[in-house]
Amino acid sequence: MFVNWQLRELNLKIVYYGPALSGKTTNLEQIYARIDPRRRGELVSLKTHEDRTLYFDFLQLELGKIAGLTPKIQLYTVPGQVYYEASRRIVLRGVDGIVFVADSNLERLNENIESWENLKSNLAALQIPMPVLPIVIQCNKRDLPNAMPSEYIKSALQVNGLPSYEAIATQGTGVLNTLKAIVGSVINATQRELK
Amino acid sequence: MDEKALNLRGNLILYPTQLQTIDQLLDHIIEKLPARLALLTQTSGQMVAFRAASGGAQNVDSHALGALIAGDLAASREIARVTGTYEECQLVLRQGQQVHTLIAEVGNEFALLVQVNSQTPLGWARMVTLDIARQLAQAVQPITPPASEWSDTDQDLSHLIGDSLDSIWTEEPDVR
């Protein structure tokens with residue numbers, strides 16, 4: 001979080017985390033495509049030749065003035081591949097909220113669990129206390145024929161207390177609800193911290 | 001407020017007096033070098049301040065640039081760490097045909113980007129950049145905060161934010 005009292009801006013950083021190919025970049029692409037262009041910046045993507053996220057994607061949204069401040073929301077993704085560990089940890093620095101994008105594909109359950117454990121490990125390494133960090137779970141790819149029930153995914157991740165949303169990110173379904181949930185949680189947490 | 005949690009998450013609050021000093025320092029580097037642009041960002045990627053010379057790069061997406069600079073510096077730090085050569089106050093130089101780009105650490109939590117014309121002597125650019133980086137590190141030190149107007153609100157901000165997002169969202173994607 002960065003509060004600029006001169007411009008009365010509240011800058012918040014939200015990171016989309018999850019296993020490779022779970023739909024993190026797709027979430028940002030859909031947000032980019034559906035948000036009023038006057039309220040967003042460019043979608044910046046650092047990709048490999050194979051079009052996989054190498055470092056991060058970045059998109060900034062600017063909301064209208066709320067309670068005297070202009071919130072600016074910076075959305076990041078991390079690379080999902082296991083070997084981009086250092087990049088993930090770098091992107092998590094200064095995070096205000098996390099969307100964990102889980103892949104509903106039954107065959108990807110272990111990858112979901114590994115990525116969640118990896119998130120916990122990286123937050124611990126950065127000394128970011130998980131209980132105070134707003135986190136929203138998105139169960140993506142609900143249109144797959146072998147999609148696991150969302151409750152099963154949450155149970156496997158042991159995140160039953162966290163808010164969760166179903167999504168088909170390629171169609172934009174559930175993308176806005178997820179975004180509203182994490183931004184709302186972050187704003188509430190920020191308001192509590194600033195008091 | 002949980003001060004410990006706030007600090008661990010790298011939260012930053014800057015007040016008008018600090019931001020005015022930062023702006024003055026960036027203006028100074030634009031004029032003195034002269035530089036094409038100067039940008040201060042947090043190492044977490046939050047852009048703090050941006051200045052560009054007239055006729056230069058005023059229309060650049062400074063927030064995206066802030067995120068990229070932080071990523072660039074973080075990658076350079078990791079390279080240094082992995083190869084056992086990390087030192088504080090490092091400066092990354094990208095020497096170009098037309099423009100040189102310098103990225104300097106500003107303490108542990110900030111980075112300064114300066115772009116100069118390639119005709120500018122590199123030693124001069126490096127010296128001025130590091131000098132301004134040291135002054136910026138002083139300017140961003142925490143100060144006693146004035147009372148916050150925003151924190152006193154009892155409004156349900158998450159609902160207001162949700163309404164705001166609804167108002168700028170369209171179900172028909174722009175596929176350009």
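Select helix 1 of chain A, residues 24-34, in this predicted model. Eight of its 11 residues are buried, so the helix is largely enclosed by the rest of the structure. Show the side chains of the buried set: Lys24(A), Thr25(A), Thr26(A), Asn27(A), Leu28(A), Glu29(A), Gln30(A) and Ile31(A). To see what surrounds helix 1 of chain A, add strand 2 (9-17), strand 4 (53-62), strand 5 (70-77), strand 6 (97-103) and helix 5 of chain A, against which these buried residues pack.

**Chain A as a whole**

Next, display all of chain A as a cartoon. Chain A holds five helices and eight strands, and from the N terminus the order of elements is β-β-α-β-β-β-α-β-α-β-α-β-α. The radius of gyration is 16 Å, close to the 16 Å that the globule rule gives for 195 residues, so chain A is as compact as a globular protein of that length. Along the principal axes, the C-alpha atoms of chain A fill a box of roughly 50 × 35 × 30 Å. Colouring by burial would mark 52% of the 195 residues in chain A as buried. Among contacts in chain A with a separation of 6 or more, 70% join residues 24 or more positions apart.

**The sheet of chain B**

Turn to chain B and select its strands 2 to 6. These five strands form an open sheet in the order 3-2-6-5-4, with antiparallel pairing. The edges are strand 3 (47-52) and strand 4 (91-94) of chain B, each of which pairs on one side only. From one strand to the next, the twist averages 10 degrees.

Within this sheet, isolate strand 2 (residues 35-42) and strand 6 (residues 110-117) of chain B, which are joined in the antiparallel sense over seven bridges. Ala38(B) can be picked out here, standing opposite Val114(B) of strand 6.

Now add two helices of chain B. Helix 2 of chain B lies across strands 2, 3 and 6 of chain B and runs at about 35 degrees to strand 3. Helix 3 of chain B lies across strands 2, 3, 4, 5 and 6 of chain B, and its angle to strand 2 is about 75 degrees.

**Between the chains**

Show both chains together and select the residues in contact. Chain B contributes 47 residues and chain A contributes 50. On the side of chain B that touches chain A, the elements giving two or more residues are helix 1 (3-8), strand 1 (12-14), helix 2 (16-32), helix 3 (62-82) and helix 5 of chain B. Helix 5 of chain B gives the most, with eight residues. By class, this side of chain B has 24 nonpolar, 17 polar and six charged residues.

Zoom in on strand 1 (residues 2-4) of chain A and strand 1 of chain B, which run parallel and are joined by three bridges. The bridge partner of Phe2(A) is Leu12(B).

Finally, select helix 5 (residues 175-194) of chain A and helix 5 (residues 157-168) of chain B, which pack at an angle of about 145 degrees with axes 8 Å apart. Their crossing is right-handed. From helix 5 of chain A, the contact uses Leu176(A), Leu179(A), Lys180(A), Val183(A), Gly184(A), Ile187(A), Asn188(A) and Gln191(A). From helix 5 of chain B, the contact uses Leu157(B), Ser158(B), Ile161(B), Gly162(B) and Leu165(B). The contact between these two helices has seven nonpolar, five polar and one charged residues.

Note on methods
Residues numbered from 1 in each chain as written. Chains lettered and ligands numbered in written order. Predicted model: local features only at pLDDT ≥ 70, side-chain atom pairs only at ≥ 80, totals over all residues. Axes fitted to C-alpha atoms, helices over the stretch in contact; angles between N-to-C directions. Helix = DSSP H or I, 4+ residues; strand = E, 2+ residues; numbered from the N terminus. Left-handed = near helix turned anticlockwise from the far one by under 90°. Contact = placed C-beta atoms within 7 Å. Nonpolar A, V, L, I, M, F, W, Y, C, P; charged D, E, K, R; others polar. Pairing = 2+ DSSP bridges. Buried ≥ 20, exposed ≤ 12 C-beta atoms within 10 Å, placed from the backbone. Rg over C-alpha atoms; globule rule 2.2 N^0.38 Å.
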